[in-house]
Amino acid sequence: MPELPDLEVFAENLTKYTAGKKIKKVEVFKDKPIMPLKRLEFIAFAERKIIKSVKRFGKQLLFTFDDGKTLLLHLMLHGELYYINEGEKIPEYAVAAFHFFDKKILVFKDHTQWLKLRLHTEGEHAVDPISKAFTSGFFKALLSEKAKTTLKEILVDQEKVTGIGSSYADEICFNAKIRPQRLAGELDDKEQKVLYNAVITTLKDAVKKIKKGMNGNITGEYTVHFAVHGKKKGFCPLGHKLATLKIGGRGSEYCPKCQK
Ligand SMILES: [Zn+2]
């Protein structure tokens, strides 16, 4: 599943590929991903419109058109994007496709059909962790509101801060040198600041690395740079044995030596 930093890079690459381009034809192959819209409504919404920009919000990609309307894409667990040339075979399990006037095609694919393509409506209250709205004051207030909740659960809770998955939550805690199972209310002022900074730097560093690692990609997931997450019974970058535990039902890794 692509994570926030992957999607940040996809949004940038999709903007390079599609911004300013007019959609000549929209094809819908599966109904579930575009629900509650019907095929004709979806086609009428996007066809003959120009894509102005593609931006990421949380784990969603927002395609804004020249009429000011926005299409929201959530790839969910298995969704993939392909940017192909006219004449090339549309990938199997494609759910929809945008054909552009320059003979390029953007294909939305998902064998599970969980991928979501929706009209974007206002009323999104969560904060994206690498946006200006994610301030230290906001984070401090969040920690005090959730004083009896573990840090891991707060970081992955999409309701307040949107876009951090289990893997990056573990990485953030490792970089902050704080254990993910600690309760928010236990953190002193200094630890709160360190954790706040770790959220931003961990995600931004990942974006930089992914940009180098997946040049021009708009699909897949780039994970090889993780320091602790997914390394069951492995070692932290300093060579200490990692501990594994479940927090709020999610597998978590941390270093008992590096993290307090
Ligand atoms: Zn360590």
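**Note on helix H6, its neighbours and two backbone features**

1. Helix H3 passes helix H6 in a right-handed crossing, and this, like everything below, is read from a predicted model. The axes of H3, which spans residues 136-145, and of H6 come within 10 Å and cross at roughly 120 degrees. An angle between 115 and 145 degrees falls outside the roughly perpendicular and roughly antiparallel ranges, and H3 and H6 are therefore oblique to each other.

2. On the H3 side of this contact stand Ser-136, Phe-139, Lys-140 and Leu-143, which meet Asp-189, Gln-192, Leu-195, Tyr-196 and Val-199 of H6. Sorted by class, the residues of the contact of H3 with H6 are five nonpolar, two polar and two charged.

3. Helix H1, residues 4-18, also packs against H6, with the two axes 8 Å apart and at an angle of about 55 degrees. H1 and H6 are therefore oblique to each other, and H1 passes H6 in a right-handed crossing. From H1 the contact draws on Leu-4, Pro-5, Asp-6, Glu-8, Val-9 and Glu-12, while H6 brings Leu-203, Ala-206, Val-207, Ile-210 and Lys-211. The residues of this contact of H1 with H6 divide into seven nonpolar and four charged, with no polar residue among them.

4. Helix H6, residues 189-213, also has a part in the second largest pocket, where H6 and helix H5 (166-176) each supply at least two residues of the lining. The contribution of H6, five residues, is the most that is given to this lining. The space in the second largest pocket comes to about 160 Å³.

5. The lining of the second largest pocket consists of Tyr-168, Glu-171, Asn-175, Thr-201, Thr-202, Asp-205, Ala-206, Lys-209, His-225, Phe-226 and Ala-227. By class, four of these lining residues are nonpolar, four are polar and three are charged. Ala-206 deserves a second look, since this residue of the pocket lining also belongs to the contact that H6 makes with H1.

6. Two places in the backbone should be checked against a general expectation, namely that most residues other than glycine have a negative phi and most peptide bonds are trans. The peptide bond from Met-35 to Pro-36 is cis, with omega near 10 degrees, and Pro-36 lies in the loop between strand E1 (23-28) and helix H2 (39-46). Met-76, although not a glycine, has a positive phi of about 55 degrees, and Met-76 is placed in the loop between strand E4 (70-74) and strand E5 (80-85).

Terms used. Residues are numbered from 1 along each chain as its sequence is written. This is a predicted model: local features need pLDDT of at least 70, side-chain atom pairs count only at pLDDT 80 or more; totals for chains, interfaces and linings use all residues. Side-chain values use heavy atoms; hydrogens and water are left out. On a 1 Å grid over the protein atoms alone, a cavity is a set of points where a 1.4 Å probe fits but cannot get out, and a pocket is an open set with protein on both sides within 12 Å along at least five of seven lines; lining residues have an atom within 4 Å of a point. Grid points are joined across faces, edges and corners, and a volume is the space filled by probe spheres set on the points. Helices (H or I, at least four residues) and strands (E, at least two) are DSSP runs, numbered from the N terminus. Ala, Val, Leu, Ile, Met, Phe, Trp, Tyr, Cys and Pro count as nonpolar, Asp, Glu, Lys and Arg as charged, and the others, Gly among them, as polar. Axes are lines fitted to C-alpha atoms, for helices over the stretch in contact, and angles run from 0 to 180 degrees between N-to-C directions. Angles under 35 degrees count as roughly parallel, over 145 as roughly antiparallel, 65 to 115 as roughly perpendicular and the rest as oblique. A crossing is left-handed if the near helix is turned anticlockwise from the far one by less than a right angle, and right-handed if clockwise. Contact means heavy atoms within 4.5 Å.
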